[in-house]
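Let's take a walk through this structure together. Have a look at it first, and then we'll go through a few of its parts one by one.

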Amino acid sequence: MKILYATILLFSVILSLLFLLRVLLFKTGLIYITKKGWRSIQDCFHVYQFFKVPEFDESMQENHLYRKVFIYLSSLASIEDSDFTNLFTGKKTHDIVLHLDPNQVIDDYFLGARVSWINEVKNDTNCCRTFVLKIRRADKRRILRPYLQHIHITSDELEQKKKDVKLHINIDTHEHNRLWRSVPFKHPSTFDTIAMESDLKNKLRSDLESFLKAEQYYHRLGRAWKRSYLLYGPSGTGKSSFVAAMANFLGYDVYDIDLSRVLDDSDLKTLLLQTTSKSVVLIEDLDRFLMDKPTRVSLSGVLNFMDGVLNACCADERIMVYTMNGKDHVDPAILRPGRIDVHIHFPLCDFSSFKTLANNYLGVKDHKLFPQVEEFFQTGASLSPAEIGELMIANRNSPGRALRSVITALQTDGDGRGSLNIRKQLDDSSSRKSTGDSGEHSGIFSREGVNAMKDIRKLYGLLRLKSSKKSESFDRTPDRKDGQSTGL
Ligand SMILES: Nc1ncnc2c1ncn2[C@@H]1O[C@H](COP(=O)(O)OP(=O)(O)OP(=O)(O)O)[C@@H](O)[C@H]1O
Ligand SMILES: [Mg+2]
C-alpha cells in the first residue's frame, strides 16, 4: 500500500514539475532561447551554402529577381515571427502589409527542407540591399531550382492579384486605331457572394486554378493557352455576376465585346488581337445576337473569333466567356468541344441558393419562415436570384417582411405572375416609405433608387436588363436542377 502511495506521490510531483517547466518555458519566453540553442547545435552538423540576390547588378540595372523575392518573402506567414517587422498599409483601406526589417532572418520550408533568408543591408541608407539565401548543401541539388521556380510563380501570382483590374469596352469610333476604352473594374462580386451549388463553385474555382498552372501543358500540346466557358440560363440568374467574380478571382482585366458595335468580321478579329494576355474576353447574349441574323458579323466570323485567331496569333492566357439565355437554338458548331470547354448552367433559384441570398442580403442564416419558403420551392415555384435579391434589398431592415414578400412572389409564380407581383411589392414598399411607415433607408426603395442601381450596373457593362428577357426569368428551372455544369 505504501509503495502505491509513494508511486502516486512521485507521479504527482513529476507532473507538477513538468507543468511548472512548461509554464516557465512558455510564459517567460525561455522556449525561444531553447529553440535558438537547439538550432545552433543542429547548424554545427550541417554545411551551408549561401546565394546572394542583390537589388542591382554591376551596371546598376535592377535585378528583377530581388523584387520577386521581396514580394514572396512579404507573403510568408513566418515573417510575423521575425524579431523586427515593418508594418505598412496596403492598397485596400484595411490591408496591413508586412516587410522584413534590415538584417532580419526569415525561415521558409520547401519540399521538406528548411531554408533561411537574410535581408542584408550594408549601411543605414538602404542602398546595397541584398537577400541572402542560406540553404543546406545536402538539400541544394534537390530543391534549389524548383524553389526558385516556386518563388517566380508565387510572386507573379501575388503581383497579378494586386494589379488594378480594368474593364475594356469596344467603341465603334476608331480614334487613332484605338478600339477599346477602359475604366477601372470595381465590381464587388466574388465567388462567396454568388449563390450557386457549393460543389460546383469549388469545381469551377479549381478548374480556373489548374488552368493558371497549365502553361507548360498547353504549350507541349501546341495549343493556345486559353479556356472557354459558356454560362447559360434565364435572365437574372447570376451569369454576369459570375464573370465579375471570375475576373476578381483571377485578377484579370475584362474585355467586354458588344457585338452590335463591331463593324465586320475583320473588326472582330482586330478587337481580339488588341486584347492583352491575362484577361477575360467576354461576349454577352451570344444566342440573342446570332438569332437576330446579324449582317455585319457572320457566323463564320464568330467561329473564327472563337478559335482561329487565338491559335494563329499565339496569344496566351485568356479566358473566353460567352453568356446565353439558352443554347437550344444555337448552331452546334459554336458549342463544339474546343470552342467551349466548360458549360455552366445557371438555374432559377432553389431553396439552397435562396438560403445563400438570405444570408448575404439579410444576414439571416435561419428563420421561422424558412420551412414555408422551402415548401414553395418543393412545389416547383421559382424566381430568379435577381428577383429575390431585389425583394430582399427593398426590405433589408426587416427580414420577416422580406421573407414574406418572397413567399407571396413564389405563391403567384405558378401562373407566371411573379414578375408583376414583385413590381407591385416594390411599388408598395415605395409608397409605404413615402408615408413614413418604415425605417428603411432611402434610394433603394424608390423606383428611382432601383433605376439608379441599374444605371450603375449598366455602367459596368455587365448587366443587360432587357425588357424582352423578363418573361424568361420566370421560366421553370429545367428538370436537371443539379446539373448546373455539363462540362465539369
Ligand atoms: N446566383 C446569384 N447569386 C447572387 N446574386 C445574384 C445571383 N444571380 C443574380 N444575382 C443578383 O441579381 C443581379 C442580376 O444578376 P446578373 O446580372 O448577374 O444576371 P444575368 O444572369 O447576367 O442576367 P441577364 O441574362 O439578364 O444578363 C445582380 O445584381 C446579382 O447581384
Ligand atoms: Mg448578364
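In this predicted model, ligand 1 is surrounded by 20 residues, and the closest of them are S235, G238, S240, P385 and A386. Two elements each give two or more residues to this shell: helix 7 (239-250) and helix 14 (385-394). Sorted by class, the shell around ligand 1 has 9 polar, 8 nonpolar and 3 charged residues. Domain 2 (166-345) and domain 3 (351-445) each supply at least three residues to the shell.

Now hop over to the sheet. Here 4 strands line up in the order 1-6-5-4, making an open sheet with antiparallel pairing. Strand 1 (48-54) and strand 4 (105-110) sit at the edges with a single partner strand each, so one side of each has no neighbour in the sheet. From one strand to the next, the twist averages 25 degrees. Strand 5 (residues 113-121) and strand 6 (residues 129-136) pair over 6 bridges, and I118 stands opposite V132 in strand 6.

Next come two helices. Helix 3 lies across strands 1, 4, 5 and 6, running at about 110 degrees to strand 1. Helix 4 lies across strands 1, 4, 5 and 6 too, at about 135 degrees to strand 6.

How do these two helices meet? The axes of helix 3 (residues 64-75) and helix 4 (residues 137-162) come within 9 Å and cross at roughly 80 degrees, so the two are roughly perpendicular to each other. On the helix 3 side, K68, V69, I71, Y72 and S75 meet I151, H152, T154, S155, L158 and E159 of helix 4. By class, that contact has 5 nonpolar, 4 polar and 2 charged residues.

Definitions and conventions:
Residues numbered from 1 in each chain as written. Chains lettered and ligands numbered in written order. Predicted model: local features only at pLDDT ≥ 70, side-chain atom pairs only at ≥ 80, totals over all residues. Axes fitted to C-alpha atoms, helices over the stretch in contact; angles between N-to-C directions. Parallel < 35°, antiparallel > 145°, perpendicular 65-115°, else oblique. Contact = placed C-beta atoms within 7 Å. Nonpolar A, V, L, I, M, F, W, Y, C, P; charged D, E, K, R; others polar. Near = placed C-beta within 6 Å. Domains from an automatic or database assignment. Pairing = 2+ DSSP bridges.
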